[in-house]
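Hi,

Here is the structure I promised to pass on. Have a look, and then read on for what turned up in it.

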Amino acid sequence: MIETSYVYGLLGGLMIGCAAAMLLLGNGRIMGASGIIGGLVDGSARGDWQGPALFIAGLIAAPWLAILVTGLAADTNATSNPVVLVAAGLLVGLGARLANGCTSGHGVCGISRLSMRGIGATVLYLLAGGVTVALFRHVLGVI
Amino acid sequence: MRGLISLLSGGLFGLGLLVSGMTDTTRVQGWLDIFGAWDPTLAFVLGGAILPMAVAWRVAARRAAPLVGGAFPPPPSGGITPRLAIGSLIFGAGWGLAGLCPGPAFASLSFGGWEGLAFAAAMLAGMLLAVPAKRIGRVAA
């Protein structure tokens, strides 16, 4: 049985991969969300801030426009627990910058070039994510 | 031209995240929830994203330079360092806790409500915390 979410997942995944391919072959940049965002936030992008700023503008505006045009509903279904949201955000931001990458940089761009760093990072964050969900959902019942 | 490519790439990335379900925290947490109602959708997302990018790396290896100038990124160096391992574990814990990572957090800003804004603000603060954390790590090492 093929779920429709698999088809959308594959289609959306191909779009993500094409976006990364476009940035690599066009501008010679690795499409890592945490690197692009973090470089602007901590100033490490230095002279090259226009590219990251425009990338982020597109990243925010395109889903907004798509929802506006199609009239489809979108929801993150995120928790409304402010402690969980803030703790999770801090961990994601800190961890991704320490690791020099997140799901897009290490996961998509790293694995596709068979980088040991990308593969190692992906194995470890999947492991930590799995343990966290198991602990906070099934043991503690918080999420 | 560089700016246009950045804008279009960011836009396509955002649409892909929306279409694939990566901006839906129930899908992400469903994928990580191996002891619950496991949702394999994210395997299709990652697989779909790796395919065109694997082709792109092969094309890049045969070209001297990117289309609009500059240089291709150097090969990954340093191997799996303690910082990479610790950072990835911290990142994964946060990803599991809320079901959001940096790309989807920004792609969903227009419809994610105050929850999305709170997560994104905390994420930016976490990114700033990484600057002194790296310095402490260097001193310790």
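**Where H3(A) meets H1(B)**

In this predicted model, the contact to look at first joins two helices from separate chains. On the chain A side, H3(A) contributes Gly51(A), Leu54(A), Phe55(A), Ala57(A), Gly58(A), Leu59(A), Ala62(A), Pro63(A), Ala66(A) and Ile67(A). Facing them in H1(B) are Gly3(B), Ser6(B), Leu7(B), Ser9(B), Gly10(B), Gly11(B), Phe13(B), Gly14(B), Leu15(B), Leu17(B) and Leu18(B). By character, the residues of this contact split into 13 nonpolar and 8 polar, with no charged ones.

How are the two helices arranged? H3 of chain A covers residues 50-70 and H1 of chain B residues 2-20; they pack at an angle of about 40 degrees, and their axes lie 6 Å apart. That angle makes H3(A) oblique to H1(B). The crossing of H3(A) past H1(B) is right-handed.

**Chain A as a whole**

Chain A contains 6 helices and 0 strands, so to read it from the N terminus is to follow α-α-α-α-α-α. Its C-alpha trace spans about 45 × 40 × 35 Å along the principal axes.

Of its 143 residues, 52% count as buried. The accessible surface of chain A is about 6,200 Å², and carbon and sulfur atoms account for 71% of that. Among the contacts in chain A with a separation of 6 or more, 36% are between residues 24 or more positions apart.

Happy to talk it through whenever suits you.

Best wishes

Notes
Residues numbered from 1 in each chain as written. Chains lettered and ligands numbered in written order. Predicted model: local features only at pLDDT ≥ 70, side-chain atom pairs only at ≥ 80, totals over all residues. Heavy atoms only, no water. Axes fitted to C-alpha atoms, helices over the stretch in contact; angles between N-to-C directions. Helix = DSSP H or I, 4+ residues; strand = E, 2+ residues; numbered from the N terminus. Parallel < 35°, antiparallel > 145°, perpendicular 65-115°, else oblique. Left-handed = near helix turned anticlockwise from the far one by under 90°. Contact = heavy atoms within 4.5 Å. Nonpolar A, V, L, I, M, F, W, Y, C, P; charged D, E, K, R; others polar. Buried < 20%, exposed > 50% of the residue type's maximum accessible area, 1.4 Å probe, protein only. Areas by Shrake-Rupley, 256 points an atom, 1.4 Å probe, with all protein chains shown as cover.
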